[in-house]
Amino acid sequence: MAAALRAVLCVAGAALSVYALHVEHHAAKDPSYRAACDLGPSVSCTRVFSSRWGRGLGLVEPVLGRESVLNVPNSAVGVIFYLLQGLLGTRRGRLAAVTLLGTSVASALASLWLAGVLLFGLRDLCLVCVSTYGVNLALLGLNLRRWKVERKRPKTKKRH
């Protein structure tokens with residue numbers, strides 16, 4: 001059951017991230033572009049993805065500059081995160097469980113940060129963003145449960 005739920009969450013997260021990349025790409029080429037998720041002036045994912053906060057969590061640009069190789073779209077990092085979660089989720093063992101949990105904690109913290117930016121900074125409701133935050137929190141729950149199970153499992157001795 002957990003494996004199927006993880007697969008659904010990872011596919012949904014990756015699809016949302018690819019869609020966000022699509023919107024950002026088209027908005028950069030055509031300033032009049034309106035995505036399907038743009039429902040009004042204060043409900044606009046295009047505005048959010050095109051803002052400085054849509055890349056590097058809004059933190060890379062002020063430090064390293066807009067053109068920095070590290071100032072990548074948040075959604076590109078999201079695609080990698082969901083692929084990692086999906087692939088590593090098929091592996092057993094403590095290292096996989098710890099890595100899944102650690103990356104989930106990082107994604108949850110990033111989600112909380114960006115939700116605060118949406119609410120207090122941009123004053124926007126990005127439906128794609130909020131959906132992504134939900135996926136991230138669900139993965140965090142799955143990974144926390146898995147880590148607790150792995151932690152209780154007896155260690156096996158390695159053969160040399």
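Start with the whole chain: of the 160 residues in the protein, 40% are buried, where buried means under 20% relative accessible area, exposed over 50% and partly exposed in between, with a 1.4 Å probe and protein chains only. You are looking at a predicted model, in which local features need pLDDT of at least 70, side-chain atom pairs count only at pLDDT 80 or more, and totals for chains, interfaces and linings use all residues. Residues are numbered from 1 along each chain as its sequence is written, and side-chain values use heavy atoms, with hydrogens and water left out.

Next, switch to a cartoon view. The protein has 6 helices and 0 strands, in the order α-α-α-α-α-α along the sequence; helices (H or I, at least four residues) and strands (E, at least two) are DSSP runs, numbered from the N terminus. Along the principal axes, the C-alpha atoms fill a box of roughly 60 × 35 × 25 Å.

Now select residues 74-88 (helix 4) and 94-122 (helix 5): their axes come within 10 Å and cross at roughly 155 degrees. Therefore helix 4 is roughly antiparallel to helix 5, a label for angles over 145 degrees, on a scale from 0 to 180 degrees between N-to-C directions of lines fitted to C-alpha atoms over the stretch in contact. Their crossing is left-handed: the near helix is turned anticlockwise from the far one by less than a right angle.

Finally, pick L127, in helix 6 (residues 127-152). L127 is partly exposed, at 35% relative accessible area. Add L39, L125 and V130 to see a nonpolar surface patch with L127, with about 340 Å² of accessible area together. Patch residues have over 30% relative accessible area and no salt bridge, and nonpolar side chains (Val, Leu, Ile, Met, Phe, Trp, Tyr) are joined within 5 Å, like charges within 9 Å. A salt bridge puts a side-chain nitrogen of Lys or Arg within 4 Å of a carboxyl oxygen of Asp or Glu, and accessible areas come from the Shrake-Rupley method with a 1.4 Å probe, counting only the protein chains shown as cover for residues.

Definitions and conventions: Parallel < 35°, antiparallel > 145°, perpendicular 65-115°, else oblique.
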